[in-house]
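Biologist: I am new to this structure and would love a close look at one part of it. Could you take me to the salt bridge, and show me the setting around that pair?

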Amino acid sequence: MSMEKTAKEDESFQRVRGLKKMTDRWQSSHTHCLWQMTLSQRRNPYATLRMQDTTVQELALANKQLLMVRQAALHQLFEKEHQQFRQELAQMGKAFYVERF
């Protein structure tokens, strides 16, 4: 029984050791990544500013396009409803009043 207990403890120890190695590698790569990011930011701050400005402009254009698409979809929905109401009124023998100039 003590051999089984020792074997289980050894497996547990090996598993913990493997997890510790994995977390150490992750922490090392994370630190390296942060170091590379700060290094690249220090190398060319103007490129970073240009990228941020470009991103802001792209977001503004995307928002404008999204607004236009939503307006077009709403216009289509209104036209569809108008046609449906016109058909329902025609079935009842009625129509919309249209003022002519």
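Modeller: Happily; here is the overall chain, then the salt bridge, and then a few places elsewhere.

This is a predicted model, in which local features need pLDDT of at least 70 and side-chain atom pairs count only at pLDDT 80 or more, while totals for chains, interfaces and linings use all residues. Residues are numbered from 1 along each chain as its sequence is written, and side-chain values use heavy atoms, with hydrogens and water left out.

The chain has two helices and zero strands; these are DSSP runs, numbered from the N terminus, with helices (H or I) of at least four residues and strands (E) of at least two. Its radius of gyration is 34 Å, well over the 13 Å that the globule rule gives for 101 residues, so the chain is more spread out than a compact globule. That radius is taken over C-alpha atoms, and the rule is 2.2 Å times the number of residues to the power 0.38. Along its principal axes, the C-alpha trace spans about 100 × 55 × 10 Å. Of the 101 residues, 3% count as buried. Buried means under 20% relative accessible area, exposed means over 50%, and partly exposed is in between (1.4 Å probe, protein chains only).

Now to your salt bridge. Side chains of opposite charge can pair when their charged atoms come close. The term stands for a side-chain nitrogen of Lys or Arg within 4 Å of a carboxyl oxygen of Asp or Glu. A search of the whole structure finds one, and it joins the side chains of Lys20 and Asp24, at 3.3 Å from N to O. Both residues lie in helix α1 (residues 2-43), four residues apart, about one turn of the helix. Lys20 counts as partly exposed because its relative accessibility is 48%. Asp24, with a relative accessible area of 35%, is partly exposed too.

For contrast, let us visit the other helix. Leu74 lies in helix α2 (residues 45-91), and its relative accessibility of 43% is why Leu74 counts as partly exposed. Together with Leu77 and Phe78, Leu74 makes a nonpolar surface patch of about 290 Å². Such patches use residues with over 30% relative accessible area and no salt bridge, joining like charges within 9 Å and nonpolar side chains (Val, Leu, Ile, Met, Phe, Trp, Tyr) within 5 Å. Leu66 is also found in helix α2. From C-alpha to C-alpha, Leu66 is 52 Å from Arg17, and the two are 49 residues apart in sequence.

Conventions: Accessible areas come from the Shrake-Rupley method with a 1.4 Å probe; for residues, only the protein chains shown count as cover.
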